[in-house]
2 protein chains.
Amino acid sequence: MPRTSDPTRNRILDAANCLFYAEGIRAVSVDAVAGAAGLTKRTLYYHFTSKDDLIAAYLQSRDQPNLALFAKWFNDEGGTVADRVEAIFTHLAKAARHKKWKGCGFLRTAAELANMPGHPAIKIGSAHKKKFETWLADILATTGLVEPLLLARQVVLLMDGAFSVMLVHRDASYIEAAGKAAATLVRASEIRNVG
Amino acid sequence: MPRTSDPTRNRILDAANCLFYAEGIRAVSVDAVAGAAGLTKRTLYYHFTSKDDLIAAYLQSRDQPNLALFAKWFNDEGGTVADRVEAIFTHLAKAARHKKWKGCGFLRTAAELANMPGHPAIKIGSAHKKKFETWLADILATTGLVEPLLLARQVVLLMDGAFSVMLVHRDASYIEAAGKAAATLVRASEIRNVG
DNA sequence: TTGTGTATACTCACTGCTTAGTATACTTTT
DNA sequence: AAAAGTATACTAAGCAGTGAGTATACACAA
């Protein structure tokens with residue numbers, strides 16, 4: 001049984017990450033991933049039991065890095081909580097202007113696998129989104145805002161809306177509009193708390 | 001050249017609508033659509049030039065019905081504009097609890113075709129979303145709210161966020177949270193206008 | 001130190017199936 | 001007869017997954 005730190009396994013995951021994110025899950029064959037990783041399909045099947053297994057592992061490998069990036073964007077910002085939440089969107093809009101940007105891998109995979117609700121990859125996506133929501137709710141609660149759970153959820157909805165709408169319009173100003181909305185909601189929560 | 005009102009063409013579109021929405025674009029073969037429509041693939045190719053053409057026609061056929069439904073949900077509701085906007089989300093949440101519900105066909109198609117930015121189906125999706133945004137902005141402007149364009153866009157972002165997040169969590173309370181956020185934003189816009 | 005056993009990590013070649021799209025011919029309608 | 005519409009049967013390519021075998025490395029016994 002190959003170990004998690006296996007360099008070959010990681011090479012396959014890197015290739016899967018590139019291809020699945022760039023082209024989509026169903027559009028990329030196992031052969032293509034193996035080829036990009038510089039080995040044969042049979043070897044890939046030595047490290048992963050199936051394509052579904054590979055898809056799940058691909059998303060799992062994106063969980064921590066993505067969360068860390070959002071946290072960094074928030075933490076590097078000064079000002080009020082509203083400002084710092086909006087900063088996440090500002091950085092997202094910047095990233096989204098790059099040509100290779102194709103939205104959120106978790107959401108796109110869930111959309112593609114909408115006919116398989118119990119798919120392992122969707123569960124991993126669900127856990128990932130929940131982690132972000134909880135992280136944000138904790139921050140909002142610590143700041144003393146009212147209804148931090150609801151507020152965090154609403155910010156998440158704006159963020160995921162921005163991810164999705166971008167794939168339709170390819171216009172990063174939507175992400176900035178979402179950021180403004182998030183800031184408005186946070187400030188409304190501040191006001192309600194003070195008053 | 002077959003006409004738009006062709007009953008056979010519509011039968012194919014109905015089948016495409018059911019299958020593409022239920023299973024996804026790439027997961028459904030042209031054969032499957034033809035079979036569900038009760039005819040052979042060759043006949044389908046007489047009415048549509050390619051699978052991409054069929055996909056685009058499928059989304060085009062959903063444009064007006066979907067917009068009409070949202071308008072009905074809004075118009076049937078009494079109360080303030082905020083209440084009526086929130087009503088759209090409430091109805092959406094109700095629809096989303098059905099097992100067959102699989103989110104927004106336009107967004108899911110855009111997510112699946114994220115590697116083909118210029119695809120006709122994505123352009124149709126873009127036009128559809130723009131129409132809804134414009135319809136809402138007109139209402140908000142007529143009501144005398146400040147920045148109706150931005151506000152309409154933010155409501156759209158919440159709605160599309162709700163569509164997408166639902167595919168990950170399968171929890172309709174997210175749609176209600178989005179509705180509350182939309183109402184909060186609309187009311188914040190009212191307040192700013194009055195003050 | 002040489003030989004034997006074994007697990008790891010890999011490749012080549014393949015199966016069985018599905019795919020989008022087409023060449024050709026038949027039927028029905030006008 | 002001519003045109004529209006449909007079916008049968010096909011091509012050529014791609015797909016996920018597998019059977020069978022190989023190179024390497026490392027363990028341990030003689």
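**Entry 1: DNA strand C**

I sorted the surface near DNA strand C by residue class and got 7 nonpolar, 6 polar and 5 charged residues. I note at the outset that this is a predicted model.

Next I asked which residues come nearest to strand C. Of the 18 residues around DNA strand C, the nearest are A:Thr43, A:His47, B:Lys41, B:Tyr45 and B:Lys51. I then split the strand's own atoms: sugar and phosphate make up 55% of the atoms of DNA strand C that come within 4 Å of the protein.

I looked up phosphate contacts from chain A. The side chain of A:Thr8 places an N or O atom 3.0 Å from a phosphate oxygen of DNA strand C. For A:Thr40, a polar side-chain atom is 3.0 Å from a phosphate oxygen of that strand. The side chain of A:His47 has an N or O atom at 2.8 Å from a phosphate oxygen of DNA strand C.

Which elements give two or more residues to this surface? I found α3 of chain A together with α3 of chain B. The top contributor to the surface near DNA strand C is α3(A), with 4 residues.

**Entry 2: DNA strand D**

I repeated the search on the other strand. I counted 15 residues around DNA strand D. The closest are A:Lys41, A:Arg42, A:Tyr45, A:Lys51 and B:Tyr46. Here sugar and phosphate account for 49% of the strand's atoms that come within 4 Å of the protein.

Then I went through phosphate contacts from chain B. B:Thr8 has a side-chain N or O atom 3.2 Å from a phosphate oxygen of DNA strand D. B:Thr40 uses its backbone: an N or O atom there lies 3.1 Å from a phosphate oxygen of DNA strand D. With B:His47, a polar side-chain atom sits 2.8 Å from a phosphate oxygen of the strand.

I checked the elements again. Helix α3 (41-47) of chain A and helix α3 (41-47) of chain B each supply at least two residues of the surface near DNA strand D. Which of the elements gives the most? I found α3(B), with 4 residues. By class, I recorded 5 nonpolar, 6 polar and 4 charged residues near DNA strand D.

**Entry 3: α1 and α4 of chain B**

I turned to helix packing. In chain B, α1 covers residues 7-23 and α4 covers residues 51-75. Their axes come within 9 Å and cross at roughly 90°. An angle from 65 to 115 degrees counts as roughly perpendicular, so α1(B) and α4(B) are roughly perpendicular to each other.

I listed the residues that meet. From α1(B) they are B:Arg9, B:Ile12, B:Leu13, B:Ala16, B:Asn17, B:Phe20 and B:Tyr21. From α4(B) they are B:Lys51, B:Leu54, B:Ile55, B:Ala57, B:Tyr58, B:Ser61 and B:Arg62. By class, I find 9 nonpolar, 2 polar and 3 charged residues in this contact.

**Entry 4: B:Ala22**

I stayed on α1 of chain B, since I wanted to look at B:Ala22, a residue of that helix. What does B:Ala22 contact, leaving aside its neighbours within four places in sequence? I found A:Asn115, B:Lys102 and B:Arg108. I also looked up a C-alpha separation: B:Ala22 and B:Trp101 stand 8.0 Å apart, with their positions 79 residues apart along the chain.

**Entry 5: chain A with chain B**

I then took the two chains together. In chain A, 43 residues are in contact with 43 residues of chain B. The chains bury about 3,600 Å² between them. Carbon and sulfur atoms hold 67% of that area. Which residues of chain A lose the most area to chain B? They are A:Leu157, A:Val168 and A:Tyr174, together 17% of what that side buries.

**Entry 6: chain A overall**

I closed with the secondary structure of chain A. I counted 9 helices and 0 strands. From the N terminus on, I read the order as α-α-α-α-α-α-α-α-α. For extent, I took the C-alpha trace of chain A along its principal axes and got a span of about 65 × 35 × 35 Å.

Methods: Residues are numbered from 1 along each chain as its sequence is written. Chains are lettered from A and ligands numbered from 1 in the order in which they are written. This is a predicted model: local features need pLDDT of at least 70, side-chain atom pairs count only at pLDDT 80 or more; totals for chains, interfaces and linings use all residues. Side-chain values use heavy atoms; hydrogens and water are left out. A residue is near a molecule or strand if one of its heavy atoms lies within 4 Å of it. A polar contact is a pair of N or O atoms within 3.5 Å; within protein, one must be able to donate a hydrogen and the other to accept it, and residues adjacent in sequence count only if both atoms are side-chain atoms. Ala, Val, Leu, Ile, Met, Phe, Trp, Tyr, Cys and Pro count as nonpolar, Asp, Glu, Lys and Arg as charged, and the others, Gly among them, as polar. Axes are lines fitted to C-alpha atoms, for helices over the stretch in contact, and angles run from 0 to 180 degrees between N-to-C directions. Angles under 35 degrees count as roughly parallel, over 145 as roughly antiparallel, 65 to 115 as roughly perpendicular and the rest as oblique. Contact means heavy atoms within 4.5 Å. Buried area is the accessible area (1.4 Å probe) that two parts lose on being put together, summed over both.
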